[in-house]
Amino acid sequence: MIQLYIPLNFLGVLYREIKQSLTDLDKMFVLMDREREVADAPAATALALQGAPDVVFDHVSFAYESDRPILQDISFTIPAGKTVAVVGPSGSGKSTLARLMFRFYDVQQGNICIAGQDIRQVTQSSVRRALGIVPQDTVLFNDTVAYNIAYGQPGASQSQIEEAARAARIHDFIASTPKAYQTSVGERGLKLSGGEKQRVAIARTLLKNPPILVFDEATSALDSANERAIQAELASVAQNKTTLVIAHRLSTVVDAHEILVMESGRIIERGNHAALLAQQGRYASMWSMQQNAEVSHSSVATSSAT
Ligand code: ATP
């Protein structure tokens with residue numbers, strides 16, 4: 001029995017090792033692909049910033065695969081410290097704008113400048129340090145909530161972590177759990193709701209305190225109280241930061257400096273909320289559809305409550 005067990009056990013270890021090295025290889029190929037995709041220019045220096053910078057997309061065109069253009073001739077400016085929102089149907093290219101800002105890919109035409117510097121001419125690491133993202137789906141590590149908030153800012157003190165959590169309105173919830181900031185979260189720990197996870201992401205971003213922010217709004221429907229809360233959090237995080245909001249609910253974009261309406265990789269309408277409503281075009285009809293949906297939703301809720 002022992003004789004049989006040892007080889008099987010050995011095979012198990014071997015299998016795990018091979019599997020692990022394959023996973024590492026996979027990761028390496030992904031990294032190599034990225035490296036091939038974008039590389040620092042030989043004389044690249046760090047992005048030079050003083051406070052919140054402006055971000056300019058100038059006649060940008062981009063395709064993931066050469067035969068399928070995704071973004072076509074996109075130009076817009078996010079002035080320093082202001083918010084620009086992007087709306088449009090699924091697949092219209094909204095998240096691609098964010099990926100290009102992080103320089104996960106290089107544009108094929110045009111350029112993207114941060115504080116007047118073409119992001120292809122500065123180091124990728126300095127670009128990524130300047131940017132923070134609050135993603136739709138936050139990845140939580142199987143670790144404590146404190147670790148998860150401090151991720152990206154190792155060495156943050158407990159009081160800094162708590163300050164960020166308070167600003168993201170997740171502190172009271174964390175404090176109410178038995179082990180507070182030492183509570184394990186993630187797959188094997190406390191399960192957090194989508195909204196709570198997004199608040200952890202907001203706290204994480206507040207702690208990193210980047211001058212440029214990308215807020216990828218969750219697609220999941222929220223009740224109006226939660227929606228108002230998230231909007232208030234967004235407003236507090238975005239204060240004095242140059243922000244791109246990828247929005248799925250138009251109520252989030254009402255106060256944006258400019259709203260870009262995208263369709264099939266092009267900007268088909270642009271302006272602030274009032275100007276877009278006055279145009280009575282695509283945005284105006286999206287707005288009235290959402291308003292009607294909300295009215296019918298709340299009348300269903302009222303009639304089912306009575
Ligand atoms: P959603 O609102 O659903 O998030 P989106 O407007 O953000 O959509 P993008 O994610 O920017 O859309 O995608 C734009 C197009 O690019 C889609 O047709 C998508 O299939 C394609 N695409 C996205 N990522 C890749 C990729 N890595 N390789 C090839 N095509 C891709």
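A residue counts as near the ligand if its C-beta atom, placed from the backbone, lies within 6 Å of it. The model is predicted.

**Ligand shell**

By that criterion, the residues around the ligand are Y64, E65, I70, G88, S90, G91, S92, G93, K94, S95 and T96. Sorted by class, the shell holds 2 nonpolar, 7 polar and 2 charged residues. Strand 1 (55-65) and helix 2 (94-101) each give at least two residues to the shell. Helix 2 has the largest share, with 3 residues.

**The mixed sheet**

An open sheet is built from 6 strands in the order 6-9-10-3-11-12. Its pairing is mixed. Strand 6 (131-134) and strand 12 (266-271) stand at the edges. Each has a single partner strand, so one side of each lacks a neighbour in the sheet. On average, neighbouring strands of this sheet are turned by 20° against each other, direction ignored.

At one end of the order, strand 11 (residues 258-263) pairs with strand 12 in the antiparallel sense, over 5 bridges. Within this region, E263 has R266 of strand 12 as its bridge partner. Helix 2 packs on the sheet. Helix 2 touches strand 3 (83-87), strand 6, strand 9 (212-216), strand 10 (242-246) and strand 11. Helix 7 (residues 194-208) also meets this sheet, lying across strand 6 and strand 9.

**The antiparallel sheet**

A further open sheet has 4 strands in the order 2-1-4-5, with antiparallel pairing. Here the edges are strand 2 (68-78) and strand 5 (117-118). Each edge strand has a single partner, so one of its sides is left without a neighbour in the sheet. Strand 4 (residues 109-114) and strand 5 run antiparallel and are joined by 2 bridges. The bridge partner of C113 in strand 5 is D118. Helix 2 lies across strand 1, strand 2 and strand 4 of this sheet. Helix 2 thus appears again, having also packed on the mixed sheet and supplied 3 residues to the ligand shell.

**Angles of helices to strands and to each other**

| Pair | Angle |
|---|---|
| Helix 2 and strand 10 | about 150° |
| Helix 7 and strand 6 | about 170° |
| Helix 2 and strand 1 | about 110° |
| Helix 5 and helix 7 | roughly 125° |

**Helix 5 against helix 7**

How do the axes of helix 5 (residues 158-167) and helix 7 meet, and at what angle do they cross? They come within 8 Å and cross at roughly 125°. The two helices are therefore oblique to each other. Helix 5 passes helix 7 in a right-handed crossing. On the helix 5 side, the contact is made by Q160, I161, A164, A165 and A167. Helix 7 brings A203, L206 and L207. Of the contact residues, 7 are nonpolar, 1 is polar and none is charged.

Conventions: Residues numbered from 1 in each chain as written. Predicted model: local features only at pLDDT ≥ 70, side-chain atom pairs only at ≥ 80, totals over all residues. Axes fitted to C-alpha atoms, helices over the stretch in contact; angles between N-to-C directions. Parallel < 35°, antiparallel > 145°, perpendicular 65-115°, else oblique. Left-handed = near helix turned anticlockwise from the far one by under 90°. Contact = placed C-beta atoms within 7 Å. Nonpolar A, V, L, I, M, F, W, Y, C, P; charged D, E, K, R; others polar. Pairing = 2+ DSSP bridges.
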